[in-house]
Amino acid sequence: RDFNERCAQCSEVNWGLTDGGRFYCRSCHNVTERTREVVNTDFLTNSRVQTISKGLRKQEKNDGGCEWYICEGFQLILKKQAEALEALGVCSQMKDEILCNFWRCYLQKSKQAYCKRPAGETVKALSVCESSTDVDSDPERPSLLHLLSLSESEGDLQTDCSFASSVSKVSESTSVYSGSVDGSLYLMKNQKEKLRMTMPMTLSFCYMALLWLREPITLSELLRFVVEGHIPYMNVFQHFPEKMKLCGLDLRIFCVESWPVYEEVFNKMHELAAFLDLPRFPDITDSCFLHPDMLCMKYLMEANLPDELHNWTCRVVKKIGIGEVDFLTLMPGNKSTRKVKYDVLAAAVIVVVLKLLFLLDDHYEWLLSEFAEERNKNNTEGGPYFEFKKWYEVVKQSLDVEQKKLDEKRAKYLWRCEKPLFYSVKNKSKALKRRQMVVNLQNQFGKLSGSVRCAEKPNPSSFQLCWSEENTDGSCFHGHSLKGVLQEKRGLLTAMNPDYWLCTIKLCNENLCGHLAHYREVEFPQSYHFVLGLFSFLLRIQPSYIHDEVCMIEHKLFNKKLYKKLKYNTVLRK
Amino acid sequence: SSHEHRLNFRKSKEACLSYIQDALLRKQWKRAAEFLTCYVESLEKDYSREHIGPSEMIWRIGTEILWHHSQSSMKEFNCFMEQMKTLGVKRYLKVCLEHVFHLLCNGQIDEAYQNLSLAESWRFGEQTAVQDKEMKLIEAYRGLLDYYSWSKQKNILLEHSEDGFSDLAVEQEMHSYFRKAAVNLKEIIKIPGVWDVFVKCYVDLLEFYGDHNEARQVLNEYAYNSKFPSNPNAHVYLYQFLKRQGESKKSLISALKILHDIVPSHELMIDFNTMLQKSKKRKKRRLGLEVIFAALDYAGWKENAKAWSCLARQVKQIVISEKHLDWIKQEWDSRKDWWPAFHFSRYLAKRNWQENKSLSYEKALVAGILLGKDCKYFKYVSHQGCKAQLKRFRILKKFVNRHNPVYLRISG
């Protein structure tokens, strides 16, 4: 694994060691003539290799397993995720070049491979077969309970008392249990220094690669694809090769029992980009999918709003400068610029535009709608005037149906997989028995479920809500006209609505409390809440995140006026 | 943390449970099964901190679904129960017992018996001692089924003896069931609790074999031992036994006294009042009046002609003797505000007259005494009665008119 050459057969860099001490390629099993001894001289200070040559560990365990390191596991996972993304249409460059290189860079920077290990650090990894006596005398070895109590943001496994109780009975003299070589060490490592790899971070890697390539997949979409099962995440470890035995502390690392959250993946990605010392990412220009103009178009369509609103979103984007290349392009390590959430930003722009045109104070928008309705009665030519009320009813109905479906899906989610998980040999038979019982019960009650349970994943789709202009029931609003809410003034179309209300007068300090504003449903009009809820559903994030972006945009938009009138009004006249 | 909204295993399963609960309440068994299928993987997580763990949930929910689902068979049900028995050692006997109940509901007495026997022989280290109560129940129910078999044999025997046959084999079997049943039933009723069915059966056995002393002791314990929860049926059983034994009125009365205290509206209050009325002791007669008034406080007794006739008889007797009018006054004081509307409205007068003349007669008498001859009820009924030329109503009218001053004394 410290061997950097590409395999002659398959060009992969994925080496293992055979019994005879030769290197073999894990991908195609091509065995080389290169032996350990040759490589050793280059990496004398790498104690991992040292301990191998000392023979402290057996190469092959009795149960047909082999030695494997945690980062190998992650490598496999990343590979699978990249393949899945390829299947979704992402260019193959992503897997073979971008992601691969990011990963190697990470390994190097975190000193897990491709480097010289500093002399002071020794690997105290232990495997299940050893009850090594030399461990007893080591005072620095962490207690099992200490390892258990390390809080993991991704795992809920610390609540698994059966592990705790079984492990607590284990005395200090026996080893920490993990299938991998460095499972226990991995959990011990100081997080801050080396940006330890976690499952959610695999998605950060993916997103980073996607961003570098400027692929048309936003982070919220990526996460949605993960939840829908198109990208391996939950239980992906079950596809590890047979030889890689997974148990004990490995589970804490690879078995997650919660879905990753947008913020988490997003923040980690930026940390990662800085950690890897990456240069400025490729420019996000106005022809990119991630540009607010493009994303707004997409979201407007999905939200069943008139195409004409796009003019307005573009105007807002231009006015506050969020369409600029320098604003949108990621510059890792630059702490002064705010990190751009492309999808949330675009959604927030639409919300602001809706506020500009309809006010959304639970009053004005309905008045405008009635007005438009009246005019529609006499309207014979051209498209119908957009009526907020009709749009609200149509969209709410669909949204409610979809939300209900989503809620049920969430309740029916199956978290466990076929591969039984157990922490120690003691637990193994119990775990297997339980698994068998679960399968039996699933069969028994599955038969009684009546209608077919959709075990198939829905086809991956970029659009969750579809509105067709061909529907004659008038449920598609794309072609509707905004004439009902606009007026001409000095040759320009402006909104009839003269007012605007700010979500917040003062922005919070994001670094202190994590948010720009604090959204509470009761403090805002229902219409506003509805609109937030719509995009919250589409992006699968909390409404408060969109609200934050809305506040940010508003403050940029009304910057001058705010500065002047901050002390006096909450409602401004445009 | 700010990620509290994220979906994790626990939240997902909580949501799943609430969908199951909703489906169960709406009797949507298919839907409940659908969600339960998704819930069962909770078994692989540890919930030892929770009050009710997933294994218990699955047992209870699964039982409900399999019991009611149209496509579920008894075979499936039994198979499921066997699985549940292996799931939780701490619940083993409870699951066995509930399984037995279901079998009995389904009429599968033999299977139920087999399961009980099997459960009785279960041993599991210290769990056996911990689940002692459940074990006693299991033994008791087996005893009950033994009683049931005994009863069947007894009937066969009686039939045969009528036909002139004597059947030694049946008799022996009968005795053997008796022994088995008696042992277990005796054990359970020692423990404080509500054991109506066990007590009844045990007493039945004892009476058949002539052990009246034991029977009496058992019933006394059941009724009077303060460690046992207050149970009206205990007193009823004791009373019925004493009556069968031909005991004195005195002991019968004392058996019913506590029943009156616990359940003033019990149907035996008529018997009670009848006995008390006839007593020579003044206190007892006084109590009788209290008893019958108290019973008629309850809506279920409003149209009970027998009860009204008891009250009427006693009231009449008091009025004629002119002694103890204060008794009536005492009873009437707390009732005069609401009994008129409750019992003696004009509407009721009409209805009672139409539906049950005897009832109206008795009520009219009481109304006439308590409320005077001018009260709505009495006026209407007596008028109707006289119009119909029924002799007793004429007599009634005279009687009430004659004793009208009594009303004045009572109401004043």
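Here are some questions and answers about the predicted two-chain model above, from the overall build of chain A to the interface and the salt bridges.

This is a predicted model, in which local features need pLDDT of at least 70 and side-chain atom pairs count only at pLDDT 80 or more, while totals for chains, interfaces and linings use all residues. Residues are numbered from 1 along each chain as its sequence is written, chains are lettered from A and ligands numbered from 1 in the order in which they are written, and side-chain values use heavy atoms, with hydrogens and water left out.

Q: What share of the residues of chain A count as buried?
A: Chain A has 24 helices and seven strands, taken as DSSP runs (H or I of at least four residues for helices, E of at least two for strands, numbered from the N terminus). Buried means under 20% relative accessible area, exposed over 50%, and partly exposed in between, with a 1.4 Å probe and protein chains only. Of the 574 residues in chain A, the buried share is 53%.

Q: How many residues of chain A are in contact with chain B?
A: Contact here means heavy atoms within 4.5 Å. On the chain B side 40 residues take part, and on the chain A side the count is 41.

Q: Which three residues supply 17% of the area that chain B buries against chain A?
A: Buried area is the accessible area (1.4 Å probe) that two parts lose on being put together, summed over both. Between chain B and chain A it is about 3,900 Å², with 57% from carbon and sulfur atoms. The three residues of chain B that give more of its share than any other three are B:Arg6, B:Leu7 and B:Glu44.

Q: Which helix of chain B gives the largest share of the side that touches chain A?
A: Three salt bridges are counted between the chains, a salt bridge being a side-chain nitrogen of Lys or Arg within 4 Å of a carboxyl oxygen of Asp or Glu. One of these joins A:Lys412 to B:Glu34, with the closest N and O atoms 2.3 Å apart. Helices 1, 2, 3 and 4 of chain B each supply at least two residues of the side touching chain A. The largest share, eight residues, comes from helix 2.

Q: How many residues apart in sequence are the parts that A:Glu257 and A:Arg416 tie together?
A: The two side chains form a salt bridge, with the closest N and O atoms 3.2 Å apart. A:Glu257 lies in the loop between helix 12 and helix 13 of chain A, and A:Arg416 in the loop between helix 19 and helix 20, so the pair ties together parts whose separation is 159 residues.

Q: Is A:Lys298 buried or exposed?
A: A:Lys298 meets A:Glu302 in a salt bridge (3.6 Å, N to O). Both lie in helix 14 of chain A, four residues apart, about one turn of the helix. A:Glu302 has 2% relative accessibility and counts as buried. With a relative accessible area of 8%, A:Lys298 is also buried.

Q: Which helices of chain B hold B:Glu120 and B:Arg142?
A: These side chains meet in a salt bridge (2.1 Å, N to O), and both residues are buried. The pair ties together parts 22 residues apart in sequence, because B:Glu120 and B:Arg142 lie, respectively, in helix 6 and helix 8.
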